[in-house]
Structures are given as C-alpha cells and as structure tokens.
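The report that follows goes through strand pairing, salt bridges, cysteines and surface features in turn. Please keep the sequence and the model at hand while reading.

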Amino acid sequence: MFYFSKPSGGLQVGASLLKPPIVQKHAVNLPVKTLFVSDLHIRKNTWKTTENVFSAIKALEPELILLGGDYAEYNDGFARFFDALSFVSPRYGIFAVEGNNDYTRFNSDHERVKMEIEKSGARLLRDECASIETEKGMIEIAGVRCAYFEKTHPENLFSKKDGVYRILMAHEPLKSTLEKAGENVNLMLSGHTHGGQVNVLGFTCYELLQYEPHLHYTHIAGLKKVGNTSVLVSRGIGTSKFAVRFGARSEIHLLM
C-alpha cells in the first residue's frame with residue numbers, strides 16, 4: 001500500500017515541539033463549531049503543548065470537542081490532562097475514543113481509563129453512539145474501540161433516521177472500519193499516524209519501512225473524500241518513539 005502524503009511544515013525538534021499546533025480549518029457542513037484533537041502523547045517535559053491546546057480551546061470557543069486518543073505517555077499525565085479538561089464546558093459536550101497507547105495506561109485497567117476520562121465530563125465511546133440535538137439538526141457520534149488491540153464493531157451503531165449528521169470516530173483510519181459502519185457516514189475522524197511523523201518529499205515510514213502494511217488505511221494525513229464520507233486523519237500533536245517531526249507539523253482541527 002502506498003501512502004503518499006504532501007509534507008506539512010519543516011523540522012520540529014526540542015523546543016520547537018512545544019510551539020502551538022496549527023489550527024487547520026475544514027468546511028465539512030457540520031451543524032456546530034467542532035474542535036478535533038488527537039495524539040497529544042503528553043510527556044513530563046511536554047506539558048507546554050497541552051497548555052497550548054487549552055489556550056486554543058479558549059480562543060476558538062468550540063461548541064463540541066472530539067478527542068481521538070493517545071493522550072499521554074505516563075499515567076499522571078493522562079490524569080492531569082483530563083483533570084484540566086474538566087474546566088472546559090462546550091455547549092454540546094466532549095466525546096473521546098481510546099488510542100493504542102491508552103491501552104497501556106493504569107496496567108491496562110480499562111475501567112480506570114474510562115473513569116479518568118469521564119470524571120472530566122467527557123464521554124468515552126467504545127463501540128457506542130451518542131446523539132446530540134442541536135438548533136440546526138441532530139448529530140450522531142459513534143466511537144469504536146482501538147483496532148490495534150481489540151476487534152471493533154462499527155456495524156449498526158448509527159440510527160436509520162433521516163436528516164442526521166453522522167460522525168465516526170476511530171483512532172486508526174482503517175478502510176474496513178469505515179466500510180463496516182455503512183454508507184451514511186458524513187465524517188470519519190482518526191489520528192494515530194502522525195502524518196508519518198517524518199515526511200521526506202512525500203515519503204514516510206509507512207512506505208520506507210513498510211510500517212503496518214497489512215492495515216490498509218484510507219490515507220495518513222489530511223482531509224480526503226472516501227466514497228460518500230469525508231475522512232480526516234490528523235497529524236496530531238505529540239510524538240512516539242522519537243521526539244522529532246519533519247514535514248508533519250503538529251495540528252488541531254476546527255470543523256464547521
């Protein structure tokens with residue numbers, strides 16, 4: 001599978017990794033102003049990036065916040081992030097899915113993970129769907145388990161109602177997840193890839209190292225139309241394994 005992706009930004013290493021992420025704006029016909037944040041990978045020396053996210057939330061004033069997983073690299077960072085999130089109160093709430101790194105939190109105690117997330121007022125979606133009634137129509141938000149460790153069940157999560165805007169949240173941008181969810185998904189939101197994290201002339205580790213070639217992602221970064229669905233794959237904010245980004249600028253997403 002060839003995942004060519006146009007580079008975004010230059011080198012981020014050291015202090016430059018702590019700079020505010022770019023706010024990418026996308027017109028996807030959402031009824032409410034929505035902020036999507038994924039892959040913070042908070043470390044003990046990178047809390048500044050989290051402060052930048054909360055500053056962006058305050059400035060952008062989203063009505064709905066969606067979180068795509070991989071929140072922190074250590075337990076206290078995970079808990080601290082969701083403690084801080086408890087002071088954020090968007091009109092239509094906060095919804096989250098787990099990433100593969102979150103499965104290792106608290107010795108893989110999923111109930112503890114759920115408790116830490118939901119004490120903030122956010123709702124964790126694990127093969128579940130939430131409905132929101134807005135002034136401009138109904139939104140359904142379905143979130144699936146992390147396919148890295150568990151079998152996901154995106155089938156039959158959405159209702160059959162007409163006039164509903166449907167959002168599918170899945171940490172990994174798997175084609176199979178979208179296909180199983182059905183044809184009426186308006187928007188799929190994913191992360192996990194970091195845009196390759198190192199992108200040289202459009203080539204990333206997904207090609208050069210044949211990284212996870214069996215997974216068959218829709219793509220590794222940006223907004224793309226897949227069938228009838230707009231699929232957004234975030235480059236995220238933090239890093240995994242190596243604390244460096246090249247051609248994959250950290251970002252959050254304002255959806256309208």
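Which residue in β12 does Met188 stand opposite? Met188 stands opposite Val231 in β12, and the surroundings of this pair are described below.

## Basis of the model

This is a predicted model, in which local features need pLDDT of at least 70 and side-chain atom pairs count only at pLDDT 80 or more, while totals for chains, interfaces and linings use all residues. Residues are numbered from 1 along each chain as its sequence is written, and side-chain values use heavy atoms, with hydrogens and water left out.

## Strand β10 and its neighbours

Strand β10 spans residues 187–190; strands (E, at least two residues) and helices (H or I, at least four) are DSSP runs, numbered from the N terminus. Both of its faces are covered, with Leu187 and Leu189 buried on one side and Met188 and Ser190 buried on the other, where buried means under 20% relative accessible area, exposed over 50%, and partly exposed in between (1.4 Å probe, protein chains only). In a regular strand the side chains alternate between the two faces of the sheet.

Strand β10 pairs in the parallel sense with β12 (residues 229–233) over four bridges, pairing being assigned if DSSP finds at least two bridges between two strands. Strand β9 (residues 164–169) also runs parallel to β10, joined to it by three bridges, and Ile167 has Leu187 as its bridge partner in β10. Between β9 and β10 the chain passes through helix α4 (residues 175–181) in a right-handed β-α-β crossover, that is, with the strands pointing away from the viewer, the path from the first strand over the helix to the second runs clockwise.

## The six-stranded open sheet

An open sheet of six strands follows the order β2-β14-β3-β4-β5-β6, and its pairing is mixed. Strands β2 (22–26) and β6 (123–124) stand at the edges with a single partner strand each, so one side of each has no neighbour in the sheet. Strand β5 (residues 94–96) pairs with β6 in the parallel sense over two bridges, and the bridge partner of Phe95 in β6 is Arg123.

## Salt bridges

The structure holds twelve salt bridges, each defined by a side-chain nitrogen of Lys or Arg within 4 Å of a carboxyl oxygen of Asp or Glu. Arg123 meets Glu128 in one of them (3.9 Å, N to O); Arg123 is partly exposed at 32% relative accessibility, and Glu128 is partly exposed at 28%.

Arg166 and Glu140 form a salt bridge at 3.7 Å, N to O, which links Arg166 in strand β9 with Glu140 in strand β8 (residues 137–143), 26 residues apart. Both Arg166 and Glu140 are buried. Arg145 and Glu150 meet at 3.3 Å, N to O, and a network of salt bridges links these two residues with Glu98, Arg126 and Asp127.

## Cysteines and surface

With a disulfide taken as a pair of cysteine sulfur atoms within 2.5 Å, the count comes to zero. Cys129 is in no disulfide, the nearest cysteine sulfur being that of Cys146, 19 Å away. Cys129 is partly exposed at 22% relative accessible area, whereas Cys146 is buried at 0%.

Val198 lies in the loop between β10 and α5 (205–208) and is partly exposed at 35% relative accessibility. Asn29, in the loop between β2 and β3 (34–37), is exposed at 69%. Asn29 and Val198 are 169 residues apart in sequence and 31 Å apart in space, C-alpha to C-alpha.
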